[in-house]
Amino acid sequence: MQGDFEKQVRSKMDELKMFPSAPVWKNIEPQIRQERKRRRAILWLPLLLVPAAALTWWYLYGERNELPAPTTTGATQGYNAPQQVQAQGQPGPSGMPPAITPATQQRMREQAVASLLSKKAARARASLNTTGKKRSSLVARKDRNDAGTGQPGEKQILSDVPARTHPGDVLVPADGSEVRKSKPPANTNETGSIKEPGSKQEQLPAATENSVKPAADAIHAKWKFGFRVAWGLSGITDSTAMFRQQTLFSSMSSSPVSGVAGSYQAPEERSTGFTTDVFVSRQVGRRLSIQGGVSYTLLRSKRLVGQQVNQDTAFGNRFSGSVTVDQFFRSAGGAEEYTNRYHFLGIPVVADYQLFRKIPLSVTAGISLQRLIASNALYFDPASQVYYHDMNYFNRTQVFGEFGLNYTLLERETFSWQLGPRVMYSFSDNNRERAGGRQHLTFAGISSKILFTKR
Amino acid sequence: MDHQRLVKDCLKGKPAAQRGLYEHFAPLMMPVCYRYTKSVADAEDVLQEGFVKVFRSLHQYKSEGELGAWIRRIMVTTAINYLKKNSRYQTELLFTDDHLHALPYQQPELRMEARELADLIRQLPPGYQTIFNLYAVEGYNHVEIGSMLGIQESTSRSQYARARALLIQWIEQKNNDIKKPAYAR
């Protein structure tokens with residue numbers, strides 16, 4: 001229970017007012033602005049993805065609807081037409097079944113086989129089309145028109161035959177006699193019927209059945225291509241950061257002025273970064289695929305630096321020998337925030353493994369060889385106690401490892417959209433100064449991946 | 001000052017409102033940070049960190065409570081975290097389970113300025129200083145202090161008793177100095 005003493009102390013303390021120095025607000029302001037910018041970007045990102053997905057959809061399906069209808073009918077018609085005559089013998093123009101010679105039958109059979117083989121892909125697409133019914137009717141109409149341009153005598157047969165052979169259909173040879181039901185004897189060839197056990201033609205209807213098998217084949221196509229965009233936070237892990245931070249604090253608390261022994265290098269803090277790449281993907285197993293491509297990565301970090309000095313100055317260091325810079329920053333009195341930017345071009349190789357059979361969640365791991373193509377990052381010169389930019393300070397070629405999870409949010413026959421977390425870590429030391437401790441660039445963010453199936 | 005309006009404008013990201021909120025509350029919060037730390041630089045670090053937290057979590061502020069009290073709680077939490085993180089304070093914050101000390105009955109008269117009293121509190125060892133601030137000034141009970149600092153309630157009590165005794169001793173000494181004529185000091 002608190003007594004009078006505590007009340008007096010509290011009352012006295014409530015009277016007390018103290019004004020902080022001006023740099024406090026200067027330091028707070030950029031941090032809350034940065035937060036606002038970050039939130040705004042988070043809001044914009046999904047909004048940008050929506051039109052991108054819509055555009056992709058339009059591109060794929062819009063183009064598809066404009067495709068000309070195949071000029072050849074499905075294999076069943078092409079193959080069966082010469083062989084099938086209506087069981088009940090719908091009469092020809094003369095009232096008699098049309099005469100088809102064995103030679104004509106053979107020619108038509110060959111045409112049908114050739115047509116089947118050459119148009120297999122087109123049939124598969126046609127059968128996969130989500131607007132299949134409409135397309136089928138268009139194709140059938142087209143086929144009927146095509147059939148009408150054939151030889152006299154063939155016209156009626158081609159236009160009137162059903163689409164495929166069904167059990168129980170009666171096949172009629174050239175002379176019009178009934179030969180067989182759906183399973184003919186092996187020696188019916190002589191009579192002009194078509195099915196030969198073990199022959200290529202006999203297997204074709206089965207192949208046709210397979211070609212009708214829908215989307216699964218397209219979705220699991222071996223080759224795919226696509227692009228990824230990941231957005232998040234990047235920074236530098238520093239094995240000596242703890243030491244330097246402690247040094248910094250203890251120095252600040254005593255006398256934060258330059259010239260005092262000890263390092264004033266401010267720790268680098270995280271900032272936003274992103275990475276994007278285009279790639280091709282090869283399915284190497286039921287659940288495993290390998291991706292390779294090219295990438296561009298922007299990693300950023302920030303640190304507090306002191307006053308900026310714009311004057312040509314020569315500094316000596318072990319990387320460049322002597323380097324002349326037109327501006328540098330003092331380390332003492334760090335109140336200005338400086339953003340280090342690292343631009344990389346890279347070649348990532350990534351393995352993607354679907355974790356569960358029924359859940360579209362996959363884990364991604366890989367490495368990438370990255371080349372630092374540009375940077376404005378600062379190097380802290382301990383001898384001069386200043387920061388300046390020296391490209392030679394940084395390791396230009398670095399090996400990054402990456403790990404991520406992808407959840408498929410949308411899957412269609414021609415594309416899929418995946419979303420998930422992704423982290424990247426540079427196994428290489430970011431700087432060439434061994435004595436300064438190892439620094440590794442890192443990135444963690446949300447990755448969006450769109451995969452297109454090669455048609 | 002209409003705090004509700006200020007908060008709404010801050011949430012909309014208006015720089016003037018953010019500056020206004022800072023300028024209104026910074027002079028009130030600076031003494032809080034000052035009491036928990038040993039240097040003005042550290043106090044400003046805590047204040048800066050605390051205000052960044054305030055702006056980032058302003059959307060969580062419920063309008064029912066007083067804005068100043070809400071900000072003050074954030075500052076106190078930030079200060080304690082700062083002390084725990086900062087190596088200069090860590091060794092001093094190692095609390096030991098001392099035996100209970102009875103609270104001294106002295107109720108000295110506080111004739112000194114507020115700043116002087118704050119400086120006396122800051123002269124206490126960091127462990128005593130923190131617990132004294134939390135109990136006597138912020139009004140937390142020992143159970144709450146125990147959970148905040150990760151110590152036992154009894155430890156908080158004994159530390160507070162020692163801190164209080166020490167502070168009263170210093171205050172009485174100051175009072176005596178004031179009573180004494182200049183030549184006798």
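Mentor: Before we start on this predicted model, one definition: two strands pair if DSSP finds at least two bridges between them.

Trainee: Okay, so what makes β3(A) and β8(A) a pair?

Mentor: β3(A) and β8 (residues 336–354) of chain A share 16 bridges, and the cut-off is at least two, so they count as paired. They run in the antiparallel sense. Take Thr297(A): its bridge partner in β8(A) is Phe344(A).

Trainee: How do you know that β2(A) pairs with β3(A)?

Mentor: By the same test. Twelve bridges join β2 (residues 269–283) to β3 (residues 288–305) in chain A, again antiparallel; at least two are needed, so this is a pair. Phe279(A), for instance, sits opposite Gly293(A) in β3(A). With four residues between them, β2(A) and β3(A) form a hairpin.

Trainee: Now the other chain. Which residues of α2(B) meet α6(B)?

Mentor: Pro31(B), Tyr34(B) and Arg35(B) from α2(B) meet Ala118(B), Ile121(B) and Arg122(B) from α6(B). The helix axes lie 8 Å apart, at an angle of about 35°.

Trainee: Why is that contact counted as four nonpolar and two charged?

Mentor: Pro, Tyr, Ala and Ile count as nonpolar and Arg as charged, so you get that split, with no polar residues.

Trainee: And what makes two residues a contact between the chains?

Mentor: Their C-beta atoms have to lie within 7 Å. By that rule, 29 residues of chain A touch 30 of chain B. α1(A) gives the most to chain A's side, with nine residues. That side divides into 13 nonpolar, eight polar and eight charged.

Methods: Residues numbered from 1 in each chain as written. Chains lettered and ligands numbered in written order. Predicted model: local features only at pLDDT ≥ 70, side-chain atom pairs only at ≥ 80, totals over all residues. Helix = DSSP H or I, 4+ residues; strand = E, 2+ residues; numbered from the N terminus. Axes fitted to C-alpha atoms, helices over the stretch in contact; angles between N-to-C directions.
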